[in-house]
Amino acid sequence: MAADDTPPVPAPAAAAADPVVETTNADSHKAADNGDPTDRGQKRGRGRDNRNPNRDRNNPNNIKTGGFGSNKRDFQSKRDQVQDNRAAKRRKVIDGAADGNSYMSIPFSTDEIAAEERRPKRKVAVLIGYAGTGYHGIQINHKEKTIEGDLFAAFVKAGAISKANADDPKKSSLVRCARTDKGVHAAANVLSLKLIVEDEDIVDKINSHLPDQIKVWGIQRVTNGFSCYQACDSRWYEYLMPSYALLPPQPQSFLGKKIMDAAKEKGTYDEYTDRLDDVKNFWEEVDKNDIQPILEKMDPDIRAEVIRILHDTADQELTDDGEPSKPDADVTKDVERKDTPAQETTATEPSKDGEAGPTEVTTEATTTETQPPAAKVEKEFTPVELAVREVKAAYVAAKRRYRVTAPRLEKLQEALNQYLGTHNFHNYTILKSHTDPSARRHIKSFQVNPTPIRINDTEWLSLKVHGQSFMMHQIRKMVAMAVLIVRCGAPMSLISESYGPRRISIPKAPGLGLMLERPVFDVSNKKFKELGREPIDFGKWDKEIQAFKDEHIYKRMFELEEKENSFHLFFNQIDNFRTDYFLWVTPGGIEASHERSDRTAEKIPKALQAELGDEADGVAEDGSSN
């Protein structure tokens with residue numbers, strides 16, 4: 001039973017003041033030898049605590065009053081003090097940032113808590129899987145919807161966490177093996193905490209209170225000192241991306257021009273084109289076969305305006321606030337732009353399947369029975385806007401038709417091989433300097449599957465990385481660096497240079513494609529075997545996990561990319577912003593790029609914060625808090 005489940009022990013009655021008795025040293029020693037506690041206390045200070053002379057050892061819950069500087073209030077135990085302080089801080093956060101509501105504090109009345117049967121808690125490992133779409137990462141917090149928030153609520157509803165402990169996950173000693181960022185998925189992850197697991201069907205009870213995109217695979221007893229974060233030996237991640245990510249920047253883009261100009265200036269143009277292999281003429285063929293036929297059908301005035309707009313949006317400057325001076329038009333296909341009147345505003349939140357769904361919370365105007373629903377006004381596009389959208393949709397469609405070749409995949413594998421071993425990855429995370437020892441991480445393997453998979457019109461590549469631990473954004477920045485080197489025909493030596501002291505800006509690839517495949521507990525499992533306990537092994541659920549990945553993780557990745565063109569927009573933004581942040585990928589090398597200053601003080605352009613990951617949401621890709 002946890003300390004919080006134990007009824008408070010009543011304070012002892014106040015003892016009468018001891019008379020002051022003078023004794024000699026000999027008398028004191030004699031009393032001590034005879035084991036007289038009263039005289040031993042008098043020897044050390046007449047029953048007083050040497051650390052607090054106002055405190056009576058026989059009356060630990062009260063403070064003597066009347067003397068100068070004495071505390072006239074009742075003394076509070078250290079444990080009660082900590083609990084009260086924690087509760088006050090929790091309430092302050094809930095009332096402030098969380099607007100009175102919290103995902104990590106489920107309130108129950110005193111009567112409800114008193115009426116609940118008290119049952120013992122056991123330290124367990126909870127094996128879980130989840131699709132991160134619609135969630136603000138795994139780590140529970142007061143105001144954002146998280147994976148742990150839904151799990152914590154399900155534990156309480158299933159009776160695995162008592163009502164007395166439902167107001168604070170710390171009371172259950174909640175620890176996660178690997179933290180995942182906003183929108184990131186996990187086929188297998190582990191939580192360790194204290195749960196009430198007497199019911200044989202406790203797993204089914206918990207799952208009955210969870211959405212379809214979160215699943216508890218099993219619950220296993222562990223030793224009391226077990227921490228899934230500390231016990232994890234290493235972690236496997238998978239990253240999925242469209243193969244068109246390996247296509248080079250368009251020649252008319254800002255980055256495309258910089259690469260070609262630098263290659264000619266450095267005398268390395270032939271080397272650059274050789275590295276591009278079979279894609280060096282890709283955009284020239286797209287312009288000839290896909291774009292020109294569209295332009296030729298346009299009215300000459302519209303065609304001239306479309307070409308001007310395409311040129312302008314392909315060579316953008318950043319304003320003083322870091323925003324694009326000429327924002328790109330919407331490139332997602334089948335997107336309807338609608339203006340919704342204010343009186344029809346509806347709050348949304350992630351529904352059971354993780355997609356945004358309307359709630360019953362609406363503005364006051366919509367609750368009036370006689371108020372008819374306002375008509376939604378659709379924006380009508382001008383002929384020029386429609387033409388621009390048609391051209392950009394043709395570019396996206398051409399990228400999706402691309403099929404990667406073996407030489408291109410070999411280039412990507414060569415880049416991934418540069419990460420193997422122990423290196424200083426300070427440029428692949430935030431708030432770490434080159435001298436920080438915690439920036440050194442060990443990568444065991446990093447492989448691209450040589451057999452792509454095709455979903456609808458898009459070909460996908462699977463990259464799997466195995467490492468001891470990863471820092472915030474590290475995997476996504478490693479993927480982005482390797483992909484940029486391949487798509488821009490840059491030398492592989494850039495990766496080894498990135499381990500040096502110079503600070504460079506590496507964008508983080510979209511979180512859409514990242515999934516924690518499984519954590520590894522080899523050392524702990526050997527100890528469990530010696531103790532006769534069951535090892536932490538996801539193997540017994542392989543069939544269920546694969547079905548969950550196909551239905552809830554991979555499907556969401558593919559559908560979201562199809563709908564939002566996440567990877568297209570990511571690389572389009574990197575290619576077209578007129579900035580020197582990413583010029584390290586040109587033949588000018590690292591010296592040609594912007595050198596970052598102190599990351600805690602430097603003002604990063606707003607338009608690049610999302611790509612660089614400097615505006616972190618406090619959620620890392622694994623359990624590391626470094």
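This is a short conversation about the cavities, the core and one helix of a predicted model.

Visitor: What makes an empty space in this structure a cavity?
Guide: On a 1 Å grid over the protein atoms alone, a cavity is a set of points where a 1.4 Å probe fits but cannot get out, and the structure holds 3 cavities of 30 Å³ or more. The largest cavity has about 130 Å³ of space, where a volume is the space filled by probe spheres set on the points, which are joined across faces, edges and corners.

Visitor: Why are Gln250 and Trp283 called lining residues of the largest cavity?
Guide: Lining residues have an atom within 4 Å of a point, and 16 residues line the largest cavity, with Gln250, Trp283, Lys399, Arg487 and Asp575 the closest to its centre.

Visitor: What makes α12 a helix, and what is its span?
Guide: Helices are DSSP runs (H or I, at least four residues), numbered from the N terminus, and α12 has 18 residues. From its first C-alpha to its last α12 reaches 26 Å, close to the 26 Å expected, the expected span being 1.5 Å times one less than the number of residues.

Visitor: Why is Lys399 of α12 called buried?
Guide: Buried means under 20% relative accessible area (1.4 Å probe, protein chains only), and Lys399 is among the buried residues of α12, as are Ala398 and Arg400.

Visitor: How do you know which residues Leu463 touches?
Guide: Contact means heavy atoms within 4.5 Å, and Leu463 touches residues including Met241, Leu412 and Phe446, not counting residues up to four places away in sequence.

Visitor: What rules lie behind these values?
Guide: Residues are numbered from 1 along each chain as its sequence is written, and side-chain values use heavy atoms, leaving out hydrogens and water. In this predicted model local features need pLDDT of at least 70 and side-chain atom pairs count only at pLDDT 80 or more, while totals for chains, interfaces and linings use all residues.

How values were computed:
On a 1 Å grid over the protein atoms alone, a cavity is a set of points where a 1.4 Å probe fits but cannot get out, and a pocket is an open set with protein on both sides within 12 Å along at least five of seven lines; lining residues have an atom within 4 Å of a point. Helices (H or I, at least four residues) and strands (E, at least two) are DSSP runs, numbered from the N terminus. Buried means under 20% relative accessible area, exposed over 50%, partly exposed in between (1.4 Å probe, protein chains only).
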